[in-house]
Structure formats: C-alpha cells, structure tokens
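The following paragraphs offer a guided reading of one protein model. Please keep the sequence and the structure in view while reading.

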Amino acid sequence: MLIFYFSFQAFLTGCSAGGLATYIHCDSFRALLPKDSRVKCLADGGFFLDVEDISGRRTMHSFYSDIVRLQGLRERFSHCNSNMDAGQCFFPREVVKHIVNPVFVLNPAYDAWQVQHALAPEASDPQHSWLDCRLDISKCSPKQLGILQGFRKELHDAISEAKQKRGWGFYINSCFVHCQSLNSLTWHSPTSPRVNNKSIAEAVGDWFFDRREVKEIDCEYPCNPTCHNLVFARPFKI
C-alpha cells in the first residue's frame, strides 16, 4: 500500500491484498488528515469475489473466514450484520457499502489471480481440465469462457453499490491480468489498455481532480484488442 501526500492532497492506493486493505482503511486514513484536504483512495485488483469455484466450493470464503478468526477481526467489521458469517464481512462487496470517502475501483473483469485461485483453484480441478485456461485465457474452451463471463457478471453485480456512490469512480476492463497500476505498460504508455479511449492513468487523473465522472466498463472478452493479457508458462513437471 502506498500513500502520497502533497499540499493537502492525499492518495491512498494498494494492489491485490493492498487493494483490499485500501477499501478497509480508506475512511480511517481520511480521518488522520486535515478536513480541507483532498483525500481519495484507489484500490487496484482488490475486489475479491465471494463466488463458488468450479467444484461448487467457496474457496475464498473459507480462506477469509479463517483469516477473520485467526486475527480476531470480527469487531473490526462492526457494520456487518450479526447473523452474517464473519468471512463475508471481509469481502469488498460488504466493505464498500459503508465507506464514506471517495474510492476508485480499478479491476479487470477477468482477474487472473482470482481465476487461478478463487474460480478454478488446482484443488478443485484434479483432472487439470482448466490448466490451459488458467494459464492463458485464449486457450479457454467455449464452456470455460461462458463460466468466465458469469464471473464478470458477478463483479458487475458486486460493484453495484459503488456505482451509486457520489464521487466514486471505476474502471473495469476486459483484460486477463491482476494489478495494473504498478506497471507503466498497463498504467500509462502509448500501448496501455484503453476503455472509451482512456488509459487507466488518464481515467484516474480525471477522477481525482474532478474533471469528469469516471465510470468506465468494458465490453466482454475478447472485445478489447488493447489488453495486455497475461500468459503464464506451463508449470514444469518431472
């Protein structure tokens, strides 16, 4: 997680687990700074979804429940309904409902990390039928692509709360990638991914300085030729 503070302008940002932490700590970070400061938060690749994996298990939910119990975090999420499982309170879908400070949601619709570890984890694929798809989205079968399109819809449904929040922004492209703000190739370069002809950096800049409302949602894969989709090498086997 990174913090930038210049002349009463502060920007809290993080990627992946740091993106999740950005959602969780955005308001408390704002409370530390002068009231007349411009303070905003950018969560990159941190909108983890509470979805069933390909075997019908909720891998991420179980993982988050274990974290909450181990760290004793239940009280940290006082906004959560007492009847709600503690692990569910840890997901951004619940966290964002109670954030007051403006946040920018930067996420790919086909988050490579989540596809590999939440949607199609190795433990849920003993036949390795998802191996090629997990490593390279262009190798996914039509059936697998259908499941990925359902995953994209889950993300769109999950950010519905953010869509309604005044001053919030989001940029959901159709790339198979994870963090996008840490690499100049994906953040802002002549060949960066674009949605509505805007790079991520341009969209975030417009949002941070209130130049325009930024709520960019890409079309379905494989519609965007500007994406830099990750291709993972096939694991070495003895």
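A convenient place to begin is proline 222, which sits in the segment after β6 (215-217). A cis peptide bond joins this proline to tyrosine 221, with omega at about 10°. As a general matter, most peptide bonds are trans.

Before going further, the reader should know that the model is predicted. Its pLDDT averages 90, and 91% of the residues score at least 70. Confidence is highest in strand β4, where the mean is 98, and lowest in strand β1 (residues 2-6), where the mean is 58.

The overall form may be considered next. The protein contains 10 helices and 6 strands. Its C-alpha trace spans about 60 × 45 × 35 Å along the principal axes. For 238 residues, a compact globule would have a radius of gyration near 18 Å, and the protein agrees with this because its own value is 18 Å. Of the 238 residues, 51% count as buried. The contacts add to this picture: among those between residues at least 6 apart in sequence, 69% join residues at least 24 apart.

The surface and the charges complete the general description. The accessible surface comes to about 11900 Å², and carbon and sulfur atoms account for 55% of that area. The protein has 26 positive and 25 negative charges, and the mean positions of the two sets are 3 Å apart.

Attention may now turn to a single element, helix α10, which comprises residues 200-208. How many of its 9 residues are buried? The count is 8, and the helix is accordingly described as mostly covered. The buried residues are Ile200, Ala201, Ala203, Val204, Gly205, Asp206, Trp207 and Phe208. In an α-helix there are 3.6 residues a turn, so residues three or four places apart point the same way. What covers the buried residues of α10? The cover includes the strands β2 (9-15), β3 (38-44), β4 (103-111) and β5 (169-177), together with helix α9 (184-187). Strand β4, one of these covering elements, is also the element in which confidence is highest.

The loops on either side of α10 each hold a residue that deserves notice. Asparagine 197 lies in the loop between α9 and α10, and aspartate 210 lies in the loop between α10 and β6. Phi of asparagine 197 is positive, near 60°, although the residue is not a glycine. Aspartate 210, likewise not a glycine, has a positive phi of about 60°. Most residues other than glycine have a negative phi. Are these two loop residues buried or exposed? Asparagine 197 counts as exposed because its relative accessibility is 62%, which is over the cut-off of 50%. Aspartate 210 is exposed as well, since its relative accessible area is 53%. The buried residues of α10 thus have an exposed asparagine 197 in the loop before the helix and an exposed aspartate 210 in the loop after the helix.

A last stop is leucine 131, which is found in helix α6 (residues 131-135). Leucine 131 counts as buried because its relative accessibility is 12%, and the cut-off for burial is under 20%. Leucine 131 and leucine 145 are 14 residues apart in sequence, and their C-alpha atoms are 14 Å apart in space.

Definitions and conventions:
Residues are numbered from 1 along each chain as its sequence is written. This is a predicted model: local features need pLDDT of at least 70, side-chain atom pairs count only at pLDDT 80 or more; totals for chains, interfaces and linings use all residues. Side-chain values use heavy atoms; hydrogens and water are left out. Buried means under 20% relative accessible area, exposed over 50%, partly exposed in between (1.4 Å probe, protein chains only). Helices (H or I, at least four residues) and strands (E, at least two) are DSSP runs, numbered from the N terminus. Contact means heavy atoms within 4.5 Å. The radius of gyration is taken over C-alpha atoms; the globule rule is 2.2 Å times the number of residues to the power 0.38. Accessible areas come from the Shrake-Rupley method with a 1.4 Å probe; for residues, only the protein chains shown count as cover. Lys and Arg count as positive and Asp and Glu as negative; His and the chain ends are not counted. The place of a charge is taken as NZ of Lys, CZ of Arg, CG of Asp or CD of Glu. pLDDT is the predictor's confidence in each residue, from 0 to 100.
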